[in-house]
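Q: Got a minute to go through this structure with me?

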Amino acid sequence: MARVYNFSAGPAVLPEEVLREAAAEMLDYQGTGMSVMEMSHRSDAYQAIIDAAEQDLRDLMGVPDNYKVLFMQGGASQQFAMVPMNLMQNRVADYIITGMWAKKACAEATKFGTANAIASSADKTFSYIPDCSDLPISENADYVYICENNTIYGTKFKKLPNTKGKLLVSDVSSCFLSEPVNVEDYGMLYGGVQKNIGPAGVVIGVIREDLIREDVLPGTPTMLTYKTFADNGSMYNTPPAYGIYICGKVFKWLKKMGGLEAIKGRNEAKAKILYDYLDGSSLFRGTVVKEDRSLMNVPFVIGDKDMEAKFVKEASGAGLMNLKGHRSVGGMRASIYNAMPLEGVQALVGFMEEFEKKNR
Ligand SMILES: *Cc1c(COP(=O)(O)O)cnc(C)c1O
């Protein structure tokens, strides 16, 4: 068996150590005689798993006591509706459009009220983050919404927008736990875990307690109400039990690696290797302005479709997988999440150097 270097944007690479541990526990989880997959979510063994996962996440992010951690389902896309249903009391919200995910979230919010696109980088194919220091924030906005790391376009908010006192809601799917955050800067942050944390099927929300309310928009289903999750320890119904267990293992792995400050250092070192090479290459070039480059998703192009197809094909032949860019933008994209080892990025750059020599 040979593991490849998997540069997929999501579902994506997980730490090999975590996968090995899960494999070892597959048939008999810690003497229970069963797999976590087969276990009642009401059992003591499972309660211990979800409790530890929540505590480890709180430790890693420094989640204050007045924030709840919710384990949900439905993908990040379901939050595009849950956020307005739960938080849009005035039926007004402001959205900063930095890519497809923010655009989709904004479009979904228009089903529930007025969603204003108050800034956008669509004019340059979302290759930068707009200046968000003095935006026309709506006076009665319930929240300001961002997609913090743009998985498809490879941009990242290095500085959070000035919301002029309004709540900030952030989709952190593709930068979750990639670096330290100050949770108190947000009313809510959430992410699908399949980018940087675990298997698809789990969405984690971190939300300030006073935003968890009864008076959600009329007609909001029980299962789309944050209060349902908060009041029931994320187990009103059957949670995505196995997925949460894997997330918990990844949290332990991150702690062992030294926590988010240490992970950030590793992520910066990895990204620098790739960006430095792109900046010096005469064949490849990055597509994002330097100051807004993501540490997690690195899009790049050659500018010749046939050559790009050849590159992606030959790279996969060399065990460098899933480098094709998103179908909406083309070119290439290397997703180098927490679990991508430094050696993977080195191997990619080595391969690109060889390819450049042969095809210049
Ligand atoms: C992948 C992604 C989504 C969509 O996630 P699903 O879980 O497939 O709904 C939303 N936002 C961001 C930033 C993403 O990277």
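A: Sure! One thing on naming before we start: helices (H or I, at least four residues) and strands (E, at least two) are DSSP runs, numbered from the N terminus. Also, keep in mind that this is a predicted model.

Q: Good to know. So where is Gln-30 found?

A: Gln-30 sits in the loop between α1 and α2, the latter covering 44–61.

Q: And what is phi of Gln-30 near?

A: Gln-30 has phi near 40°, which is a positive value in a residue other than glycine.

Q: Which residues does the cis peptide bond join?

A: Gly-10 and Pro-11 are joined by a cis peptide bond, with omega about -10°. Pro-11 belongs to the loop between β1 (5–6) and α1 (16–24).

Q: Let's switch to the ligand. Which residues are around the ligand?

A: Among them are Gly-75, Ala-76, Ser-77, Phe-80, Trp-101 and Cys-147. Asp-171 and Lys-195 are also around the ligand. By class, the shell divides into 4 nonpolar, 6 polar and 2 charged residues.

Q: Which helix gives the most to that shell?

A: Helix α3, residues 75–87, gives the most, with 4 residues.

Q: How about polar atoms: what lies 3.0 Å from an oxygen atom of the ligand?

A: That is a backbone N or O atom of Ala-76. In addition, the side chain of Ser-77 has an N or O atom 2.5 Å from a ligand oxygen. For the side chain of Thr-151, an N or O atom is 2.4 Å from an oxygen atom of the ligand.

Q: How much of the ligand does the protein bury?

A: The protein buries 86% of the 390 Å² that the ligand exposes when taken alone. The space taken by the ligand is the second largest pocket.

Q: New topic, the open sheet: in what order do the 3 strands come?

A: The order is β11-β12-β14, and the pairing is antiparallel. β11 (285–286) and β14 (332–335) are the edge strands, each pairing on one side only.

Q: Over how many bridges do β12 and β14 pair?

A: Strand β12, residues 297–301, pairs with β14 over 4 bridges in the antiparallel sense.

Q: And what is the bridge partner of Phe-300 in β14?

A: Phe-300 has Met-332 as its bridge partner there.

Conventions. Residues are numbered from 1 along each chain as its sequence is written. This is a predicted model: local features need pLDDT of at least 70, side-chain atom pairs count only at pLDDT 80 or more; totals for chains, interfaces and linings use all residues. Side-chain values use heavy atoms; hydrogens and water are left out. A residue is near a molecule or strand if one of its heavy atoms lies within 4 Å of it. A polar contact is a pair of N or O atoms within 3.5 Å; within protein, one must be able to donate a hydrogen and the other to accept it, and residues adjacent in sequence count only if both atoms are side-chain atoms. Accessible areas come from the Shrake-Rupley method with a 1.4 Å probe; for residues, only the protein chains shown count as cover. On a 1 Å grid over the protein atoms alone, a cavity is a set of points where a 1.4 Å probe fits but cannot get out, and a pocket is an open set with protein on both sides within 12 Å along at least five of seven lines; lining residues have an atom within 4 Å of a point. A molecule sits in a cavity or pocket if more than half of its atoms lie within 2 Å of its grid points. Ala, Val, Leu, Ile, Met, Phe, Trp, Tyr, Cys and Pro count as nonpolar, Asp, Glu, Lys and Arg as charged, and the others, Gly among them, as polar. Two strands pair if DSSP finds at least two bridges between them.
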